[in-house]
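Please walk through the fold below, moving from helix packing to the strands and then to individual buried residues.

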Amino acid sequence: MVRKIIVVGIRHYEDPFYKHVTGANGPPAGCGHQRNRSLDSVLQRIPEDMTPTSPEGVPLRLTGEVPAPRLALPPEIPAGSDDSGIHTPPDGNDEIPSSEEQNITLAVARSRESLDSGNPLEELDKLPDTPDTVVEEPPGKSVLSTSSTKNKDFLLRLFESKLFDMSMAISYLLNSKEPGVQTYLANKLFSFPHEDVDFYLPQLATMYIEIGDVAEVLRPYLVYRCKQSAEFSLRLAWLLTAFSGDAKRSRATKLRDSILAEEIRPATKRGHHRSQSDASALRLATPTGRHLGDLASGRAFDNGCLCAEQCSCGAPRLAPQTHFLAALTTIGRRLAGVADKERRNGRLRAELATLDLNLPARVWLPLHHKPHYVLRIPPHAAAVLNSKDKAPYIMYVEVLETDGHEPLPPRLLPPAPPAPHSPPIRHTKSEENLVPEWPVLSLYSPLDDADAGDCWSHDDEEVSTQYAPRAPAPDCLSQVSGVSLASAASAASVGSCGSRESVAVGAGDVRRRLEHATAAPPPNAFKHDPHDPSAIALKESWESKLSRMRSASPYGALAGWRLLGCIVKVGDDLRQELLAAQLLRRLQAVWDAERVPLRLRPYEILCLDKESGLIQPVLNSVSLHQIKKQSGKSLRAWLELEHGPPNSEGFLRAQNNFVESAAAYALTSYLLQLKDRHNGNILLDSAGHIIHIDFGFIFSISPKNLGFESSPFKLTSEFVEVMDGEGSDMFAYFKILILRGLIAARKHCDQIVHLVDSMRMGGQLACLRSSSAVTSFRARFHHGRTEAQLHALVERLVRDALHSLSTRLYDNYQYYTNGIL
């Protein structure tokens, strides 16, 4: 039976949105575009409080006739564009909306129209005037239309709700195939905080590379953010470089090259200026960017900008930073060719000393998110890490935290001798009077565990290292260097980068220095190990290192002085570690929200390309291998040595930290199927927390693809000994924490799995090339099990891990092949 339904064409002439599009009280001649009835029902049910308002709370209205492009642009981006797709300001004949709020309202209106009907604004001129006709509709079509309308109604309500976050936006962008939904979600990104979007930047970059429709709607937001921030521009360019495959080079390469060529130029912050002496010196030297990248010039990171308040000279703003990071990775590649680890350390310090000649400069360390500039890299504080094939190294960087208004201090070079009766203030020449020759540096030092203080070495370095440097006064940046023990008793020779001043030193100060120099080292101190030069540098507490290096620094008296650590790694694929760091961060956020006392230590990962990047070091921590090799003690004996006897408050606090962190990493290792868990990849910090590093083997891959480690996680008898044995309350607490963490994690399973699912496109990550990787990952959350069944599962996992033969065999394998205890 065929039903005949009379469809009457209704034109909503009184509708405000229709008036806005047509610009008149009625439709133009020959236009019969009909308002989509489902959109009317959706908009009628939207609460009034969703009406866009200005910052003052005044409702915004759509006025005037505005062009209707496919994508809604943010307020700061004009509506024009050139052939390359980069938005440019319109010419003077174009009509621009009078206020920022009108553009925001237009974006919301277009997004809602797109969500309902795909792209109604484009179809406005395409549909002919349809008269009232009789249409034969097959049975059931009206029911399907009603169901589709309800689904769109619910979807719009979800997108407009307060519960909608970036995790849901990523999921719908990945799975939705409707252009209207994609357009709406791309516009929705402008309303999220920048830090929320930046967390998912690897996923957005991957979708931009692999999905053409999503790339089209994402481009306006990415261009907008690149115009706002130089740091965001570089992070996006590096991710596009790291995740671009050969078959997808055109779209990603074009955007990356536009960013690096500064065709998409970042916005300039006010206050970008130099000091007067710095600027005048650069004018004398004919300032240009011709020395960029030339470490021998002393201006390898100088872009030649001479602007006082706001940069308007067109100097490159991203090139100095790219050259700075390229210099750091080049050092890592050169070190890999040096076989002996002791020689690697000397070569590293020589390379960093050459690099330090070009500092201070307007470059920054991307691992640290507060605005800052690099002042200095002390060469003797760096060390090559323990690695068999590669040569990762850790360095410490002195920076000046700034909001962009403070000028950089002048580069410190050997000054002229001070006046005979001048106060003990360090004199530095301004760059107008600097001699063009650089001072001769002592690139190799006979001391491996001492900081040279400044790049310009002292005459009496052997004696000066016996005494702790004197803390500088606020107006005195000096460095104490004794000539001999006899002369140090009455006066010290204060070396100001080559010059000396006679300063009286009190007897009490000398006595304290002598006691410090002759005092026995603490029982838990590490000794110099030629096979692991980094052990001493890592064992020193961060507070002690910070105090020592600040007192020795010529910039230590500056209010914004900070010390940052950085690990430079070359020759390893850090993209999987980037994904693992995201998962750890998300799991820790879930456990914090559910109030489960599990403790992870996520750290920052920055991928520069497919085989190099920067890693944030874990402070105040050493590996279990270093502890066993340096002390010869068991793990529990080491904790008692550092924190006190078993019944002391310090030990009990450290034991509790150990259990909570061990349970967190046990559950994380099970969920991620973490492999390569030898004692060199497990750290112990000064508070007793266990910390896992090196996530190069997760999900479906293992070292040499042998699948040797079959244990769900690493749990050795030494770990159980710290917990007072299998029958103790702490061991029971350990199992309870794993159970509570699993129950909390599976409540937020979708947020966690979406991170992985969106990264499997293109087959760039080896850990996700298996077709069952994501499915198996989701299955390990065990949605279908009751709490009693989960309790039995945790008991079985702990038992299998504790009695795993593969764990003991893998530890023995690492000992015999790499010497890891």
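In this predicted model, helix 26 (residues 729-747) passes helix 29 (residues 787-802) in a right-handed crossing. The axes of these two helices come within 10 Å and cross at roughly 125°. Helix 26 is therefore classed as oblique to helix 29, since an angle counts as roughly antiparallel when it is over 145 degrees and as roughly perpendicular when it is 65 to 115 degrees. On the side of helix 26, the contact is made by F731, F734, K735, I738, L739, L742, I743 and R746. Helix 29 contributes E787, L790, H791, L793, V794, E795 and V798. The spacing of such residues can be read against a general rule: an α-helix has 3.6 residues a turn, so residues three or four places apart point the same way.

A second helix pair may be examined in the same terms. The axes of helix 9 (residues 201-210) and helix 11 (residues 230-243) come within 9 Å, with a crossing angle of roughly 55°. Helix 9 is oblique to helix 11 because of that angle, and the crossing is right-handed. L201, P202, A205, T206, Y208 and I209 of helix 9 meet F232, R235, L236, L239, L240 and F243 of helix 11.

Just before helix 9 lies Y200, in the loop between helix 8 (194-199) and helix 9. Is Y200 buried or exposed? With a relative accessible area of 4%, Y200 is buried, because the limit for that class is under 20%. Apart from its neighbours within four places in sequence, Y200 is in contact with M166, S167, I170, Q582, R586 and L755. Of these partners, Q582 is 382 residues away from Y200 along the chain, yet their C-alpha atoms are separated by 8.6 Å.

Two residues named in these helix contacts reappear in the nonpolar core. The largest such core has 178 residues, and L236, M395, W591, F699, L715 and F734 touch the most other members. Helix 24 (residues 649-672) gives the most to this core, with 12 residues. The surroundings of W591 can be listed in detail: not counting residues up to four places away in sequence, W591 touches V596, L598, L600, A664, L667, T668, G741, A744 and A745.

Attention now turns to strand 5 (residues 393-401), which is mostly covered, with eight of its nine residues buried. Which strands pair with strand 5? Strand 3 (residues 372-376) does so in the antiparallel sense over four bridges, and H372 stands opposite E401 of strand 5. Strand 4 (residues 383-384) is also antiparallel to strand 5, over two bridges, one of them between V384 and Y393. Strand 9 (residues 561-570) pairs with strand 5 in the antiparallel sense over eight bridges. Here Y393 has V568 as its bridge partner in strand 9.

Helix 20 (residues 542-552) packs onto this region. Its buried residues are W542, K545, M549, S551 and A552. These buried residues pack against strand 5, strand 9 and helix 19 (534-539).

Strand 13 (residues 682-685) is part of another set of pairings. In a regular strand the side chains alternate between the two faces of the sheet. Both faces of strand 13 are covered: I682 and L684 are buried on one side, and L683 and D685 are buried on the other. Strand 12 (residues 621-623) pairs with strand 13 in the antiparallel sense over three bridges, and S621 stands opposite D685. Strand 14 (residues 690-692) likewise pairs with strand 13 in the antiparallel sense over three bridges, with L684 opposite I690. Strand 13 and strand 14 form a hairpin with four residues between the strands, in which G688 takes a positive phi near 100°.

The last residue to consider is H625, which is placed in helix 22 (residues 624-631). At 4% relative accessibility, H625 counts as buried. Leaving aside neighbours within four places in sequence, H625 is in contact with N386, N679, G680, G819, I820 and L821.

Technical notes
Residues are numbered from 1 along each chain as its sequence is written. This is a predicted model: local features need pLDDT of at least 70, side-chain atom pairs count only at pLDDT 80 or more; totals for chains, interfaces and linings use all residues. Side-chain values use heavy atoms; hydrogens and water are left out. A nonpolar core is a set of buried Ala, Val, Leu, Ile, Met, Phe, Trp, Tyr and Cys residues joined through side-chain atoms within 4.5 Å. Buried means under 20% relative accessible area, exposed over 50%, partly exposed in between (1.4 Å probe, protein chains only). Contact means heavy atoms within 4.5 Å. Two strands pair if DSSP finds at least two bridges between them. Axes are lines fitted to C-alpha atoms, for helices over the stretch in contact, and angles run from 0 to 180 degrees between N-to-C directions. Angles under 35 degrees count as roughly parallel, over 145 as roughly antiparallel, 65 to 115 as roughly perpendicular and the rest as oblique. A crossing is left-handed if the near helix is turned anticlockwise from the far one by less than a right angle, and right-handed if clockwise.
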